[in-house]
Amino acid sequence: MFLPPLDEAVLQQEAHRLYGLLNSVSRSQGVKWTLEDCLQAASYTARINQLKKEKDAVILAHSYTVPELVCGVADFSGDSYALSRQAAQTAAGTIIFAGVWFMAETAKILNPSKQVIAPAGRAGCTLADGITAQEVRALKRAHPHVPVLCYVNSTAEVKAESDVCVTSGNVFDIAAALPQRELIFVPDLLMAQNLEIELKRRGTPKKIISAGSSCCVHARYTPQDAAELRRQYPHIKILAHPECRPEVCAAADYVGSTKGMQDYVAASSDKLFGLLTEQGLVNRLEAQYKDKKFIWSFGVCSYMKENTLQNTLQALMQPLPEQVVALSPEVIARARKSLDKMFELAK
Ligand code: SF4
């Protein structure tokens, strides 16, 4: 990829802008971003920020992607729900979606007339790849009249087979609000268990029929990880994602979506947090709350990290066919219904 040279003053200015955002962010365990790191990133971020204006493009980046994308070039960043809302509202002609493939598909479902480009191409997700539309149809045949809720971490074809889509931020409320006593929930087996427990706790018990898999990042946490954090840091507040095992959620002080965890930290007067989630959220919180400390032991989504400044710039300049999202009008129309139902119920 040929890149014309950048003006040195522009480069330095951009590097210092980035350093102001990233100096409190961990690059690896115990190592923070340096001005030198920012100088290297700046040669890409300066070009990306200029090019996205010229091309009428908006960049949406999931919080689990790398901090140089989230802080350096994203117009909006957040979790799946926040980004799908942004995707539904954007006026830009092109959407660059730094995330995994199912997220870019969701943006396409909400913006069928726009070009949606995923820099990481068909980056997978152990949840979205954990169930097929055919398997959902088999579940529906086995349990007629039972509504199907699909977690947003699912393919467009699975969404098209579902009655309502949900996110980690609204799954409990939407499931509780539905009148049925039995629900099919795909594809997160651990979230399905957490859902059954939470509905019982709320006094609206329901039978949850589930199939699929689990998130390879969140499923790795154990109650021993929480216990070890408490042993090392007696005053720590432990935050977990509902994609974790129920025993892990039970050991946490707060269980919620990425946005829920951000809100918890924002509202808390505590200074020390243990995060049983993905590294990207830790980096976002480090950038945002420089007076607070975040302990994170492990948990990296290799799929999310396939998004880089390099492939974002390349995708903006000239996307490859495998980076451009294409879905059939029929799948878009049917999947859209499950997303619209979520927006309606989540109000
Ligand atoms: S963190 Fe887990 S759920 Fe999220 S994209 Fe990665 S594998 Fe999928």
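Here is a walk through this predicted model, from a parallel sheet to one helix and then to the ligand.

Let's start with the sheet. Four strands make it up, in the order β8-β7-β9-β10, and the sheet is open with parallel pairing. Strands in a sheet hold on to one another through backbone hydrogen bonds, and the pairing can be parallel or antiparallel. At the edges you'll find β8 (164-166) and β10 (207-210); each has a single partner strand, so one side of each has no neighbour in the sheet. On average, neighbouring strands here are turned by 30° against each other, ignoring direction.

Zoom in on β7 (residues 148-151), and you'll see 3 bridges joining it to β8. One pairing to look for is Cys150 with its bridge partner in β8, Cys165.

Now add the helices. Helix α9 (residues 189-201) lies across β7, β9 (182-186) and β10, and runs at about 175° to β10. Helix α15 (residues 329-345) lies across β7 and β8, at about 65° to β8.

Next up is helix α12 (residues 258-267), where Thr258, Met261, Gln262 and Val265 are buried. These four sit on the same side of α12, because they cover an arc of only 100° around the axis. That fits the usual helix geometry: with 3.6 residues a turn, residues three or four places apart point the same way. What do the buried residues of α12 pack against? Their partners are β11 (237-240), β13 (272-276) and α13 (279-288).

Finally, the ligand. It is surrounded by 13 residues, the closest being Cys125, Leu127, Cys215, Val217 and Cys301. By type, the shell splits into 10 nonpolar, 2 polar and 1 charged.

How values were computed:
Residues numbered from 1 in each chain as written. Predicted model: local features only at pLDDT ≥ 70, side-chain atom pairs only at ≥ 80, totals over all residues. Near = placed C-beta within 6 Å. Nonpolar A, V, L, I, M, F, W, Y, C, P; charged D, E, K, R; others polar. Pairing = 2+ DSSP bridges. Helix = DSSP H or I, 4+ residues; strand = E, 2+ residues; numbered from the N terminus. Axes fitted to C-alpha atoms, helices over the stretch in contact; angles between N-to-C directions. Contact = placed C-beta atoms within 7 Å. Buried ≥ 20, exposed ≤ 12 C-beta atoms within 10 Å, placed from the backbone. Arc of directions from axis to C-beta.
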